[in-house]
Amino acid sequence: MTMDTHTLLKPDATKPSASGPGACHMSRREFLFAAGTTSVMMVSAGPGLAQIPAMVATYPKKLVARLSDLKQDRPIDFQYPDKGEYSESMIVKLGVEGGGGIGPNRDVVAFNYFCTHQGGDMTGSYKGDTKSLGACPLHLSTYDLTRHGILISGQAYQSLPQVLLELNGNDVFAVAVFGLIYGRFDNLQG
Ligand code: FES
């Protein structure tokens, strides 16, 4: 399977544990890869960078927006990968290229709303001037939506889960999540 949307880096299984054999230091993302159904996709390594093969956990495809309806810096909310707790997410046209972005300018991205630190709800906290989500109402974490939701500042130590998108004509579909959604031991609550 190939697609021109996402940015995921496959965990390097060849690297030894920092604490030696037998130690378990699986990150949230590594856990996701281990627990989810994975597919190999061609994904971009970031704005302007080449595509690389990567493993992603894929979920049921869901129509979340029409490309022509998206206005710059005006997020549209949706739920993914289900309608359960912590599934609230947003899609936004950044106006600048973002990692994993789709559309002619690769500037349409989507993210889960819940802070990876302790689950602060960041609904409505998108900032168009910095293309960021946050600050989290609990401990002020802020995430960069142009770079796969990496942490800009605050208490969190994991990136914001990115909802991976696929474009088919004018229809924008959510197809996967990169990162473990807060409050879940797997993204499908299985
Ligand atoms: S819950 Fe968001 S920074 Fe702590």
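Two strands are taken as paired if DSSP finds at least two bridges between them. Strands (E, at least two residues) and helices (H or I, at least four) are DSSP runs, numbered from the N terminus. The model is predicted: local features need pLDDT of at least 70, side-chain atom pairs count only at pLDDT 80 or more, and totals for chains, interfaces and linings use all residues. Residues are numbered from 1 along each chain as its sequence is written.

Q: Which strand do two bridges join to S6?
A: The two strands concerned run antiparallel. Tyr126 has Leu133 as its bridge partner. The strand joined to S6, covering residues 132–133, is S7.

Q: Which strands stand at the edges of the open sheet, and why is one side of each left without a neighbour?
A: Four strands form this sheet in the order S6-S7-S8-S9, with antiparallel pairing. Each edge strand has a single partner strand, so one of its sides has no neighbour in the sheet. The edge strands are S6 (126–127) and S9 (150–153).

Q: Which element gives the largest share of the largest nonpolar core?
A: A nonpolar core is a set of buried Ala, Val, Leu, Ile, Met, Phe, Trp, Tyr and Cys residues joined through C-beta atoms within 7 Å; buried means 20 or more other C-beta atoms within 10 Å of a residue's own, with C-beta atoms placed from the backbone. The largest core has 36 residues. Elements giving two or more residues to it include S10 (162–168) and S11 (171–178). The largest share, six residues, comes from S11.

Q: What percentage of the protein chain do buried residues make up?
A: The chain has one helix and 11 strands. Of its 190 residues, the buried share is 39%.

Conventions. Buried ≥ 20, exposed ≤ 12 C-beta atoms within 10 Å, placed from the backbone.
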